[in-house]
Amino acid sequence: MRLRIGYGWDSHEFKAGIPLKIGGVTLPHAKGLGGHSDGDVLLHALTDALLGAVAAPDIGSLFPPSDPQWKDADSAVFLREALKRMKAAGYRIANIDSTLILAAPKIGPHSASIRENVAKLLGIPADCVGLKAKTPEGMGTDNAAIAHAVVLLEKA
Ligand code: MG
């Protein structure tokens, strides 16, 4: 197959007193995202999108929350493993797109640095990384951050 598509989704709950990391960038905010790892909701969705595109096991199967070695882990480790599996399957990234859904903080001022960091982690140009941010109107999820991601792969 010349092209493959992958999709990933994740959510994490806000908790006081921990750093907020989104796309590998630490954002100034009173709360961070809880979870077994660093709670980076965007990198988790991207990891699952890449894994899904090559029909690999999902992030929870490869890095089970029950395994103490992933406690407070840098989510870039998960993304690198997904990239490795994608390359082993003979593909490269054409582009990715993503949407964050969260009430706060505002992502706009940090959008460029998140896109640049995600591009660096994936080894692709920043103009191949889409990022939108929405507030959760009517969803009742103000204490959570949600990320959706899609990735298009092409034969390397
Ligand atoms: Mg997660």
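The following exercises, each with a worked solution, concern the predicted model shown above.

Residues are numbered from 1 along each chain as its sequence is written, and side-chain values use heavy atoms, with hydrogens and water left out. Because the model is predicted, local features need pLDDT of at least 70 and side-chain atom pairs count only at pLDDT 80 or more, while totals for chains, interfaces and linings use all residues.

**Exercise 1. The sheet**

Determine the order of the strands in the open sheet, and state which strands stand at its edges.

*Solution.*

Step 1. Helices (H or I, at least four residues) and strands (E, at least two) are DSSP runs, numbered from the N terminus. Two strands pair if DSSP finds at least two bridges between them.

Step 2. The open sheet has five strands in the order β4-β1-β7-β5-β6, and the pairing is mixed. β4 (31-33) and β6 (132-134) stand at the edges; each has a single partner strand, so one side of each is left without a neighbour in the sheet. From one strand to the next, the twist averages 25°. For this angle, axes are lines fitted to C-alpha atoms, for helices over the stretch in contact, and angles run from 0 to 180 degrees between N-to-C directions.

Step 3. Consider the partners of β1. It runs antiparallel to β4, to which three bridges join it; phenylalanine 14 has leucine 33 of β4 as its bridge partner. With β7 (residues 144-155), β1 pairs in the antiparallel sense over eleven bridges, and there the partner of glycine 6 is valine 151.

**Exercise 2. The magnesium ion**

Identify which residues coordinate the magnesium ion, and state where Asp10 and His44 lie.

*Solution.*

Step 1. Donors are N, O and S atoms within 2.8 Å of the metal (3.2 Å for Na, K and Ca); water is not among the atoms, so sites may look incomplete.

Step 2. The donors are Asp10 (OD), His12 (NE2) and His44 (ND1), at 2.1 to 2.2 Å. Their spacing in sequence is D-x1-H-x31-H. Aspartate 10 belongs to strand β1 and histidine 44 to helix α1, so the pair ties together parts that are 34 residues apart in sequence.

Step 3. Buried means under 20% relative accessible area, exposed over 50%, and partly exposed in between (1.4 Å probe, protein chains only). Aspartate 10 is buried because its relative accessibility is 15%. Histidine 44 is also buried, at 7%.

**Exercise 3. The largest pocket**

Describe the space in the largest pocket and the residues of its lining.

*Solution.*

Step 1. On a 1 Å grid over the protein atoms alone, a cavity is a set of points where a 1.4 Å probe fits but cannot get out, and a pocket is an open set with protein on both sides within 12 Å along at least five of seven lines; lining residues have an atom within 4 Å of a point. Grid points are joined across faces, edges and corners, and a volume is the space filled by probe spheres set on the points.

Step 2. The largest pocket holds about 190 Å³ of space. Its lining has 14 residues, of which Ser37, His44, Ile59, Phe63 and Pro65 are the closest to its centre.

Step 3. At least two lining residues come from each of β1 (3-16), α1 (41-53) and α2 (59-62). The largest share, three residues, is that of β1.

Step 4. Ala, Val, Leu, Ile, Met, Phe, Trp, Tyr, Cys and Pro count as nonpolar, Asp, Glu, Lys and Arg as charged, and the others, Gly among them, as polar. The lining thus divides into seven nonpolar, five polar and two charged residues.

**Exercise 4. Backbone geometry in loops**

State what phi is for alanine 55 and aspartate 72, and which residues the cis peptide bond joins.

*Solution.*

Step 1. Most residues other than glycine have a negative phi, and most peptide bonds are trans.

Step 2. Alanine 55, in the loop between α1 and α2, has a positive phi near 55°. This residue is exposed, with a relative accessible area of 64%.

Step 3. Aspartate 72, in the loop between α2 and α3 (76-88), has a positive phi near 60°. Aspartate 72 is exposed, at 55%.

Step 4. The cis peptide bond joins alanine 104 and proline 105, with omega about 0°. Proline 105 is placed in the loop between β5 (91-101) and α4 (111-122).
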